[in-house]
Amino acid sequence: ASITVSDVFDAYDKAFPEKVQKNRRLARTMLEPHFGVIRLGDLGTQAVLNFAERRKRVGAGPSTILNNLSYLRSYLAFGSQVLGVADAGAMAKIRVSAAISLLSHNGQVAPSNTRNRRPTDEELEKMFHIFDQYAVERRDGAPMWDIVLFAIATTMRLGEIVRLDRRKINIEERTVLITDRKDPRVKKGNDEWVPLLAGHFRFRGKVVDPLEILLRQPVRPHSPHLFFPVKTHTVSTVFCTHLKGHIEDLHFHDMRHDG
């Protein structure tokens, strides 16, 4: 009777530390001020509706609110089991789910929109010139054009690209190891050898070969084992700032989708 939602949060985070990643921590900072002091047995639909309204007032969109509440359900489902109050947690989760259903019916929560933005041939040509100039100005900067081409040719995520290791490539078999590849169930330890295929993507009539792109990267003294020793936020920032005013509404992740 005395267990609060904060107790459930604490129990989950302690029992499943590998699951407590950036997005979950951020969601908890949104959830705890509103739900934390509520006792598990008292958590009802009205509290969820009030939370959604409060988040909406500060500018959160339907997909963000749904994401926050999805984490709340996850905490209730598993944190309550850790505390030995699985039945109470299950009932609270049902009440939260009922509130989410009502919010969905009203359009107050919704899944994020699927992006279908892709770079055109003309935009790729523009990017080539923009990042060619960037390379001249910043000789020690990120090899942006090679990273763009590589992302399209391999469909790898940016986080995977910047982790590629020179010690984990098989040139003869044209494969490279991606460590901790993103997965809906488990990421850590999800290592995968992937082929570096060439032939399906051309720029200016020439086949883009991802293996060739890797092998032409110079060794950087500060990170000799990485092909692209840059931070993901650096690539994203350079991509957005240099395309601004030239190409509208294009994200780096759209390169993966294009591939």
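How many bridges join β1 to β2, and do these strands run parallel or antiparallel? Keep that question in mind while you select the two strands in this predicted model, and you will find 2 bridges between β1 and β2, which run antiparallel.

**The sheet**

Begin with residues 169–170, which make up β1, and then add residues 175–178, which make up β2. These two strands form a hairpin with 4 residues between them, and in the turn you can pick out Arg 174, whose phi is positive at about 55°. Asn 170 has Thr 175 of β2 as its bridge partner.

Now add β3, which pairs with β2 in the antiparallel sense over 4 bridges. Here Thr 175 stands opposite Pro 195, while Val 176 has Val 194 as its bridge partner. With the three strands selected together, you are looking at an open sheet in the order β1-β2-β3, with antiparallel pairing. Because β1 and β3 (192–195) each have a single partner strand, they stand at the edges, and one side of each is left without a neighbour in the sheet. As general background, strands of a sheet pair through backbone hydrogen bonds, either parallel or antiparallel.

Before leaving the sheet, show the side chains of β2: Thr 175 and Leu 177 point one way, Val 176 and Ile 178 point the other way, and all of these residues are buried.

**Helix α7 and what covers it**

Next select residues 144–154, which form helix α7. This helix is mostly covered, for 11 of its 11 residues are buried, among them Trp 145, Val 148 and Phe 150. If you display the surroundings, what covers these buried residues includes α6 (121–137), α8 (158–161), β4 (202–203), α9, α10 and α11 (253–258). Just after the helix comes Thr 155, which has a positive phi near 60°.

Stay with α7 and show the ring of Phe 150 together with that of Phe 228. The structure holds 10 aromatic pairs, and Phe 150 and Phe 228 form one that is tilted, at 5.8 Å centre to centre with 55° between the planes. Phe 150 belongs to α7, whereas Phe 228 lies in the loop between α9 (210–215) and α10 (232–243), so the pair ties together parts that are 78 residues apart in sequence. Both of these residues are buried.

**Two nonpolar cores**

Which residues have the most contacts inside the largest nonpolar core? Select Met 127, Phe 131 and Phe 239, which hold that place in a core of 43 residues. At least two residues of this core come from each of α6, α7, α8, β2, α9 and α10, and α7 gives the most, with 9 residues. Centre the view on Met 127 and, leaving out residues up to four places away in sequence, you will see that Met 127 touches several others, including Trp 145, Val 148, Phe 239 and Met 255. Apart from this core lies another, of 28 residues, among them Ile 38, Leu 43, Ala 52 and Ile 100. In soluble globular proteins, nonpolar side chains tend to be buried together.

**His 34 and Arg 54**

Move now to His 34 in helix α2 (residues 22–35). Because its relative accessibility is 14%, His 34 counts as buried. A polar atom of the His 34 side chain lies 2.8 Å from the backbone oxygen of Ala 47, and the side chain of His 34 also makes a polar contact with the side chain of Arg 54, at 3.3 Å.

Select Arg 54 next, in helix α3 (residues 45–57). Is Arg 54 buried or partly exposed? With a relative accessibility of 43%, Arg 54 counts as partly exposed.

**Asn 68 and an aromatic cluster**

Continue to Asn 68 in helix α4 (residues 62–82), where the relative accessible area is 4%, so Asn 68 is buried. Leaving aside neighbours within four places in sequence, Asn 68 is in contact with Ala 27, Met 30, Leu 31, Phe 51 and Arg 55.

For the last stop, select Phe 9, Tyr 12, Phe 16 and Tyr 75, which form one aromatic cluster. Add Arg 24 to this view, and you will find that its charged end sits over the ring of Tyr 75, 4.9 Å from the centre of that ring. If you then draw a line between the C-alpha atoms of Phe 16 and Arg 54, these residues turn out to be 29 Å apart in space and 38 residues apart in sequence.

Conventions
Residues numbered from 1 in each chain as written. Predicted model: local features only at pLDDT ≥ 70, side-chain atom pairs only at ≥ 80, totals over all residues. Heavy atoms only, no water. Phe/Tyr/Trp six-rings, centres within 6.5 Å; stacked < 30°, edge-to-face > 60°. Buried < 20%, exposed > 50% of the residue type's maximum accessible area, 1.4 Å probe, protein only. Lys NZ or Arg CZ within 6 Å of the ring centre and 35° of its normal. Pairing = 2+ DSSP bridges. Polar contact = N/O pair within 3.5 Å; in protein donor to acceptor, adjacent residues only side chain to side chain. Contact = heavy atoms within 4.5 Å. Core = buried A, V, L, I, M, F, W, Y, C linked by side-chain atoms within 4.5 Å.
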